[in-house]
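Q: Could you take a close look at the inside of this protein for me? I would like to hear about the cavity and what surrounds it.

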Amino acid sequence: MNQIVGQNDRVACLVLKRVSILVPVYNERHTIRTLLDKVREAPLPPGYDREIVIVDDHSTDGTWEILHRDFSGDPKVRLFRHEKNCGKGAAIRTAIREARGELAIFQDADLEYDPNEYSHLLEPILNGHADVVYGSRFAASRVRRVLFFRHAVGNRILTFLSNLLTDLNLSDMETCYKAFRTDLLKSIPIRSNGFGLEPEITAKVAKRGFRVYEIPISYYGRTYQEGKKITWKDGLRALWVILKYWLIDDLYRDNDLRILHSLNQTHRFNAWLAGTISPYLGERILEVGAGIGNISIHLLPREDYVCTDVEPLHIHSLGNLFSRRPNVEVRKLDIAAEVLDADLEGRFDTVICLNVLEHIQDQENALANMNRLLAPGGRMILLVPNAPSLSCSLDDAVRHIRRYRKNEIGGLIRDAGFDLERVWYFNRFSVLGWIWNGKVLHRRTFSRLQLKIFDSLVWLWRLIDPWLPWPGQSIVSVAKKPGQAAVLPGHDSMGATMAGPFSG
């Protein structure tokens with residue numbers, strides 16, 4: 001475990017926005033002064049200032065002494081040092097944790113990359129197109145030093161294999177120059193201590209669905225005699241990292257978000273749930289707690305669909321997913337808030353709330369607010385976890401405050417001013433897996449293999465679900481706001497085509 005044994009935490013001048021330039025350093029005493037002078041003077045986009053976060057990975061050649069002597073008095077420079085050498089990935093991990101800017105750039109401590117290109121690197125993010133930008137040494141650029149052929153071939157092989165497994169089409173996965181939105185970068189767990197950082201972060205960026213752009217950059221490579229450190233052994237390690245993070249979904253620091261992403265991979269189950277509630281839906285829908293859109297995507301297109309959540313990372317994922325759908329709006333909404341946005345009240349013929357109410361402390365106010373959002377005659381579709389007796393380690397992992405009984409959820413719905421139309425159990429088979437994993441094994445997540453097997457057999461679970469003799473994992477309720485809505489030809493009173501009764 002790394003420990004920070006020295007730092008400079010001077011507070012920088014108050015600025016509108018800030019770029020964190022993250023500089024991992026190890027034995028670079030011959031280049032560090034020149035590099036930092038360039039970084040301090042490099043032009044940035046208008047309205048941005050910089051902080052330079054330097055992490056010395058226990059240099060032994062005098063680099064730390066130079067940094068401490070020459071740069072500790074600079075209010076824009078923040079110095080940190082590892083008590084032992086751990087590798088570039090470990091140094092970057094420390095720098096990310098300490099970054100305070102809205103944007104972040106990786107900057108090696110050598111002179112192979114030109115800090116004067118920061119503005120070009122940040123441009124796709126500032127224009128709203130990208131979440132991550134890679135600076136490519138192999139795309140057409142103004143300047144590129146001609147050096148090792150075999151090294152270049154190795155880079156292209158690693159990039160090809162990374163692209164093959166991530167389905168990106170990068171030209172330079174191993175580039176140092178990467179720019180990020182800092183909030184997204186901080187949400188990614190980085191496990192690699194060495195040069196495996198590059199393929200690891202690329203795999204996770206791809207799996208998270210970030211918008212990735214690439215721009216050409218200049219490259220002033222150096223020889224091994226000039227201090228280059230990466231070797232063929234690092235290439236072999238990179239191959240292992242590429243394979244490892246293709247197989248493993250270690251994408252979020254937050255366990256709740258990791259589980260949500262795992263469930264997003266159960267496409268057949270999500271389609272089953274969406275199909276179950278679809279006959280009750282209208283054309284003007286608000287979804288409370290849409291998460292990363294794993295159900296939303298199955299309910300479109302609609303005339304007006306508003307996806308909401310309170311988690312910024314979810315809002316970002318939804319924005320990426322639906323950026324090209326003009327009838328889908330993504331916005332932040334706390335359904336239990338005392339005051340709702342005025343433009344939402346009475347706007348919708350359907351409010352969907354799936355696996356959300358059990359997370360909310362003030363559930364009564366949340367239900368009352370869903371009533372306010374609906375037009376007269378509108379429907380609320382509510383799904384909550386069944387049976388307090390099923391509470392276990394898995395509930396703790398996903399932060400369930402409570403589970404419900406049928407009569408209890410019916411009473412809450414009526415107290416919120418709704419007429420209860422129907423309530424039924426859903427997904428009986430998974431109760432067995434929930435008990436085995438959560439109550440017997442005390443696990444806090446499901447394995448990827450388990451979820452794949454479960455999802456591949458959804459056709460079977462759908463067939464046998466009505467005949468299993470125990471209550472389901474979830475309770476689904478359909479409730480109506482009192483009042484009469486206009487009836488459209490071929491639709492029910494809320495504009496939803498009725499598909500007839502189905503099992504529950």
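A: Happy to help; here is a walk around the cavity, followed by a charged pair that shares some of its helices. Please keep in mind that this is a predicted model.

The structure holds 1 cavity of 30 Å³ or more, and about 40 Å³ of space lies in it. Its lining is made up of Ser162, Leu165, Thr166, Pro199, Ala203, Ile242, Tyr245 and Trp246. Three helices each give two or more residues to that lining: H5 (149-166), H7 (197-207) and H8 (232-247). If you sort the lining by class, you get 6 nonpolar and 2 polar residues, with no charged ones.

Charged residues do turn up when you follow helix H7 along to Lys204, whose side chain meets that of Asp250 in a salt bridge, 3.4 Å from N to O. While Lys204 sits in helix H7, Asp250 belongs to the loop between H8 and helix H9 (255-264), so this pair links distant parts of the chain, 46 residues apart. How buried or exposed are the two partners? Lys204 counts as buried because its relative accessibility is 1%, under the 20% cut-off. Asp250, at 12%, also falls under 20% and therefore counts as buried.

For some context, a search of the whole structure finds 33 salt bridges. Another one is formed by Lys76 and Asp49, with their closest N and O atoms 3.1 Å apart. Here Asp49 is buried at 16% relative accessible area, whereas Lys76 is partly exposed at 32%.

Definitions and conventions: Residues are numbered from 1 along each chain as its sequence is written. This is a predicted model: local features need pLDDT of at least 70, side-chain atom pairs count only at pLDDT 80 or more; totals for chains, interfaces and linings use all residues. Side-chain values use heavy atoms; hydrogens and water are left out. On a 1 Å grid over the protein atoms alone, a cavity is a set of points where a 1.4 Å probe fits but cannot get out, and a pocket is an open set with protein on both sides within 12 Å along at least five of seven lines; lining residues have an atom within 4 Å of a point. Grid points are joined across faces, edges and corners, and a volume is the space filled by probe spheres set on the points. Helices (H or I, at least four residues) and strands (E, at least two) are DSSP runs, numbered from the N terminus. Ala, Val, Leu, Ile, Met, Phe, Trp, Tyr, Cys and Pro count as nonpolar, Asp, Glu, Lys and Arg as charged, and the others, Gly among them, as polar. A salt bridge is a side-chain nitrogen of Lys or Arg within 4 Å of a carboxyl oxygen of Asp or Glu. Buried means under 20% relative accessible area, exposed over 50%, partly exposed in between (1.4 Å probe, protein chains only).
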